[in-house]
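Please consider the following structure with attention to the contacts between its side chains. The discussion follows charged pairs and then turns to cysteines.

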Amino acid sequence: EHTLSYFSIKSIAHENPIIIHFDAHRDMKPIYDQKKICHTTPFYHLIDEGHIKGKNIIQIGIRQSDKEENEIATNNGVNTYTGLDIHNDIQRVTKEIGKLTNNRNIYITFDIDVYDICYVPCTGTPEPFGLNPFQIIEILKSINKSAVLIGIDMVEVAVKNSDYREGTLATQTLYRIFSNLY
């Protein structure tokens, strides 16, 4: 789950990376269920504690967030591309991602629920109207070739009732991330 990303990103923050955050959710709540650090809070605390600037976060595939999270993202200059943005104009999104990642260190944090619910039958927090594998590949290919991948995590992948489709999709996604030329 996404709590682990907080610690990984915090440990490499001195490298001034741009964080490419694939997810159905913003994960920018200040507190959730009386917990400061948990799966819905990491990106808020990375910004609030000064580890990452909001302008250095690209959120891709967001489909569920609340008013407070949206205000935090807007006030901190987070680059947000919702599932609808990608559906309506993926060319604009990929062009902007190419510019944002030019000559940058990048950290990719990939929550499997960025995919549409039909692709991820086992994840804990699925959301409809997500991305398909071809959109993910196109977005990954848009990362500027001058970027340097300095870290990655893949979260919320699960297996239920011997259904390995989600694990297979996660494996294939990782393969495509690692085989890019950045």
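In this predicted model, a search of the whole structure finds six salt bridges. One of them pairs Lys29 with Glu69, whose closest N and O atoms are 3.4 Å apart. This contact links distant parts of the chain, the two residues being 40 residues apart. Lys29 belongs to the loop between strand 1 (18–22) and helix 2 (42–48), whereas Glu69 is part of helix 3 (residues 67–75). Both Lys29 and Glu69 are buried.

The loop that holds Lys29 also contains Lys36. The side chain of Lys36 meets that of Glu49 in a salt bridge, with an N to O distance of 3.8 Å. Glu49 lies in the loop between helix 2 and strand 2 (57–62), so the pair ties together parts that are 13 residues apart in sequence. As for exposure, Lys36 has a relative accessibility of 48% and therefore counts as partly exposed. Glu49 is likewise assigned to the partly exposed class because its relative accessibility is 31%.

A further salt bridge is found within a helix. Glu96 and Arg92 form this pair, and their closest N and O atoms are 3.1 Å apart. Because the two residues are four residues apart in helix 4 (residues 83–100), about one helical turn separates Glu96 from Arg92. Glu96 is partly exposed, with a relative accessible area of 28%, and Arg92, at 33% relative accessibility, is also classed as partly exposed. Elsewhere, salt bridges that share partners join Lys29, Asp66 and Glu69 into one network. The pair formed by Lys29 and Glu69 thus has Asp66 as a companion in that network.

The cysteines remain to be considered. How many disulfides does a search of the whole structure find? The search finds zero. A disulfide is a covalent bond between the sulfur atoms of two cysteines. For Cys122, which is in no disulfide, the nearest cysteine sulfur is that of Cys118, 13 Å away. The cut-off for a disulfide is a pair of cysteine sulfur atoms within 2.5 Å.

Is Cys122 buried or exposed? Its relative accessibility is 4%, so Cys122 counts as buried. Cys38 is buried as well, because its relative accessible area is 6%; the cut-off for this class is under 20%.

Technical notes. Residues are numbered from 1 along each chain as its sequence is written. This is a predicted model: local features need pLDDT of at least 70, side-chain atom pairs count only at pLDDT 80 or more; totals for chains, interfaces and linings use all residues. Side-chain values use heavy atoms; hydrogens and water are left out. Buried means under 20% relative accessible area, exposed over 50%, partly exposed in between (1.4 Å probe, protein chains only). A salt bridge is a side-chain nitrogen of Lys or Arg within 4 Å of a carboxyl oxygen of Asp or Glu.
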